Structures are given as structure tokens and as C-alpha cells.
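Got the structure open in your viewer? Here's a short tour, stop by stop, with what to select and what you'll find there.

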Amino acid sequence: MPHAPLSSTGPRRRSLRAASAAVALSAALLAAGCGASEDTVQDPKATASPVKGFPVTIDNCGVRTTYDKPPARVVTIHQHPAELMLALGLKNRMAGTAFPDSAVLPELRKDYESIPELAKKEPSFETVLDAEPDLVYGGYGSAFDENEGRSRTAFTDAGIDTHLNREYCGKKRVTMQDTYDEIRTIGKIFGVPDRAGELVADLEGRVDRATAEVDGEPEVSVFVYDSGDKTAFTAGGKSLGTELIHLAGGKNVFADLDDVFGDVSWEQVVERKPNVIAVYDYAGAGSVEQKKEFLLSQPALADVPAIRNKRFVVLPLTATLVGIRSAYAVDDLARGLHPKSFG
């Protein structure tokens with residue numbers, strides 16, 4: 001190979017195992033989400049009258065939490081929870097972020113950059129405590145890694161509530177419904193259910209418009225390349241990525257892989273002859289150009305239609321997770337799989 005081989009898989013993705021160029025949010029989403037933001041984080045100790053609609057009790061991944069009022073100082077660990085909160089107009093509730101995965105959506109970038117970044121990776125327990133949050137919202141299961149001292153119990157003992165993205169609640173299957181349910185749940189926790197409903201409607205509309213454009217088009221076979229050199233780490237049949245591909249008028253060639261993610265051999269990739277390769281883009285597993293160069297340089301893959309025709313679709317990792325970007329990924333995929341349908 002003309003370059004150093006890519007790592008077998010990003011270590012964070014390996015440990016999780018269950019886990020488009022940046023696109024603009026629509027005006028409707030902005031109107032629903034960003035209009036209520038303020039410049040300062042609220043003081044969780046400030047006294048206040050009882051809040052309408054509260055208390056709210058949420059069952060989340062086996063942890064039941066009752067909120068007497070909306071959280072006022074939130075630390076988000078991983079990017080997709082932060083973007084979800086910003087899209088709901090909750091910047092004024094955010095005391096810190098951590099672990100960015102991809103370029104932030106342009107319309108959210110200014111707000112995102114105004115929030116203190118606590119760490120490039122998952123912050124230590126002590127670093128989170130220093131931000132004085134009343135809620136920690138984790139995107140991946142690793143946000144609450146017991147071995148790193150960040151268990152949900154540890155935060156509870158410190159008087160801090162926690163919420164974990166439902167993608168990591170152990171269901172072993174992820175769908176677009178999870179995205180919509182996660183948004184509505186966060187809307188309930190923060191007392192903004194109407195905003196959450198408007199955001200969900202906006203995302204559903206985007207998916208409907210994309211699927212309508214490719215309705216009746218022949219299905220396109222897609223191989224998801226996350227990472228790997230000796231084997232390929234790919235999205236299985238229980239991943240959100242598989243549903244996104246289906247909605248966009250395609251079929252994941254490894255939809256029969258009975259997991260969210262898994263390893264497959266390059267011989268299997270050759271046998272299944274994908275017409276398009278969806279490249280997942282995230283820090284720690286090589287750049288998109290490195291991944292493309294690696295795939296194009298492999299003699300064994302030369303006759304794979306997607307390689308022969310150099311047909312790639314790039315998706316930021318955050319577009320394939322339970323968060324606001326998944327609906328936009330359907331549009332990006334549909335345009336990549338069926339470009340003639342979009343003029």
C-alpha cells in the first residue's frame with residue numbers, strides 16, 4: 001500500500017460497538033429551536049415558583065429521574081446531544097460540552113463555540129464537577145464509563161442528574177423513531193414540548209420529501225465503510241444507518257448482519273458487489289480522503305462496482321446517530337444514490 005494502513009477501527013467505536021458534509025438547518029427548524037436562547041447560563045440554585053408541567057419523571061436506560069423543574073446547567077458529553085439541545089433553543093441551559101465528532105452544523109456553530117469545551121475527549125469526573133452541572137447528558141455509553149469514574153451512580157451520589165441517549169439503552173436496534181422519541185423526551189425534561197414537536201415535524205417533513213423524490217427508483221446497493229484494513233468495520237442490519245439507506249432508496253449489503261455494527265471480510269464485500277460506498281467521517285479513524293485512497297488502492301476491490309465507478313457518499317458520524325442530523329442524512333444519501341432524481 002502506498003500509505004500507512006488505517007487502524008483496524010477507531011478505538012472509541014470498537015469499545016462502543018453499538019454506535020454528510022455539514023448541512024444547513026431549515027428556517028423552520030431555526031425558528032422552532034433557536035429563538036429562545038439567551039446569553040448566560042442559569043443558576044440552578046436560584047429560587048423559583050413551581051414550574052408549569054412539572055414535576056416530570058423520565059425512565060432512561062433503567063434510571064428513573066424526577067425533575068421538579070427544567071435543568072439549568074447542563075454538561076453534554078459528545079456532540080450530538082449538544083446539537084440537539086441547541087436545535088431546541090436551550091443554549092442558555094448549557095454549561096459545557098465535550099468530545100466533538102464532526103464539523104458542527106453551520107447554523108449552530110456560533111452558539112456551539114460560545115459554550116465552554118471541557119475536553120476534546122470524554123472529560124474526567126472532576127472536570128465535569130467543576131462546571132457545576134445539575135444534569136449530564138451523554139451521547140455514547142462511554143459518557144458514563146464506570147472504569148473512568150463517571151458512572152451514573154457516581155453523578156447521582158454527587159447530586160447531579162444524568163441522561164443517556166436512548167441509542168445506548170441496550171435495545172440492540174436503532175431506528176428513526178428513536179430520534180423522534182429522544183427529541184420529545186428532551187423537550188419534556190426542559191419544559192419545551194411544543195418546540196420538540198415542531199422540530200420533529202420539521203425532520204419528518206425532510207425525510208418525507210427525500211423519500212418522495214426517489215419513490216419508484218431501482219434500489220441501489222450500499223456498503224458502509226466505517227473503518228478497518230484487515231477487515232471492514234461496517235453497519236449491520238440493526239443500525240440506524242441501515243434504515244437511513246433504505247429511506248434513501250438503497251439497501252445495505254450487510255443488512256443481514258445481526259448487530260448494530262460488526263466486522264466483515266473484504267471477500268464478502270467483493271461478493272456482494274455494492275454500487276455505492278457510504279464512508280463514515282469522524283475523528284480518530286483516518287480522514288475521508290485516506291479512507292477513499294485505501295479502498296481505491298486495494299487490488300482485490302478493483303472490480304467492485306462502487307470502486308470501479310468511484311461512487312462514494314460521505315456522512316459525518318453524527319449524521320448516523322440518534323440526533324437531529326439523521327433526517328438530513330436521508331436527503332444526502334438519496335442525492336448520492338439517485339442524483340438524477342434531484343436534477
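**Stop 1: two helices side by side.** Select helix α8 (residues 193-213) and helix α13 (residues 326-337): they pack at an angle of about 15°, and their axes lie 8 Å apart. With angles under 35 degrees counted as roughly parallel, α8 and α13 are therefore roughly parallel to each other. The way α8 passes α13 is a left-handed crossing. Now show side chains at the contact. On the α8 side, pick D202, L203, R206, V207, A210 and T211; on the α13 side, pick A327, Y328, V330, D331 and A334. Colour this set by residue class and you get seven nonpolar, one polar and three charged residues. Bear in mind as you look that this is a predicted model.

**Stop 2: another partner for α8.** Keep α8 on screen and add helix α7 (residues 176-189). The two axes come within 7 Å and cross at roughly 160°. Angles over 145 degrees count as roughly antiparallel, and α7 and α8 are therefore roughly antiparallel to each other. Here the crossing, α7 passing α8, is right-handed. Which residues meet at this contact? From α7, select M176, Y180, I183, R184 and G187; from α8, select P193, A196, L199, V200, L203, E204 and V207. By class, this contact of α7 with α8 holds nine nonpolar residues, one polar and two charged. L203 and V207 of α8 are worth a label, since you met them at the α13 contact and they turn up again at the α7 contact.

**Stop 3: the four-stranded sheet.** Hide the helices and bring up the open sheet with the order β10-β8-β12-β13, where the pairing is parallel. What sits at the edges? β10 (250-252) and β13 (312-316), each pairing on one side only. Ignoring direction, neighbouring strands here are turned by 35° against each other on average.

Zoom in on strand β8 (residues 220-225) and strand β12 (residues 276-281), which pair in the parallel sense over four bridges. V224 is a handy landmark, standing opposite A278 in β12. Y225 likewise stands opposite V279 in β12. Then look across to β13: five bridges join it to β12, and the two run parallel. On that side, find D281, which stands opposite P316 in β13.

Is β12 largely enclosed or open? Five of its six residues are buried, so β12 is largely enclosed by the rest of the structure.

**Stop 4: helices on that sheet.** Turn on helix α9 (residues 240-247), which packs on the sheet and touches β8, β10 and β12. The direction of α9 makes about 155° with that of β10. Next, turn on helix α11 (residues 288-296), which also packs on the sheet, touching β8, β12 and β13. The direction of α11 makes about 145° with that of β13.

**Stop 5: the five-stranded sheet.** Last one. Select the strands in the order β5-β4-β3-β6-β7, which form an open sheet with parallel pairing. At the edges stand β5 (117-119) and β7 (161-164), each with a single partner strand, so one side of each is left without a neighbour in the sheet. Neighbouring strands of this sheet are turned by 20° against each other on average, direction ignored.

To finish, zoom in on strand β3 (residues 74-77) and strand β4 (residues 94-98), which run parallel and are joined by four bridges. Click T76, then look for T97, its bridge partner in β4.

How values were computed. Residues numbered from 1 in each chain as written. Predicted model: local features only at pLDDT ≥ 70, side-chain atom pairs only at ≥ 80, totals over all residues. Heavy atoms only, no water. Axes fitted to C-alpha atoms, helices over the stretch in contact; angles between N-to-C directions. Parallel < 35°, antiparallel > 145°, perpendicular 65-115°, else oblique. Left-handed = near helix turned anticlockwise from the far one by under 90°. Contact = heavy atoms within 4.5 Å. Nonpolar A, V, L, I, M, F, W, Y, C, P; charged D, E, K, R; others polar. Pairing = 2+ DSSP bridges. Buried < 20%, exposed > 50% of the residue type's maximum accessible area, 1.4 Å probe, protein only.
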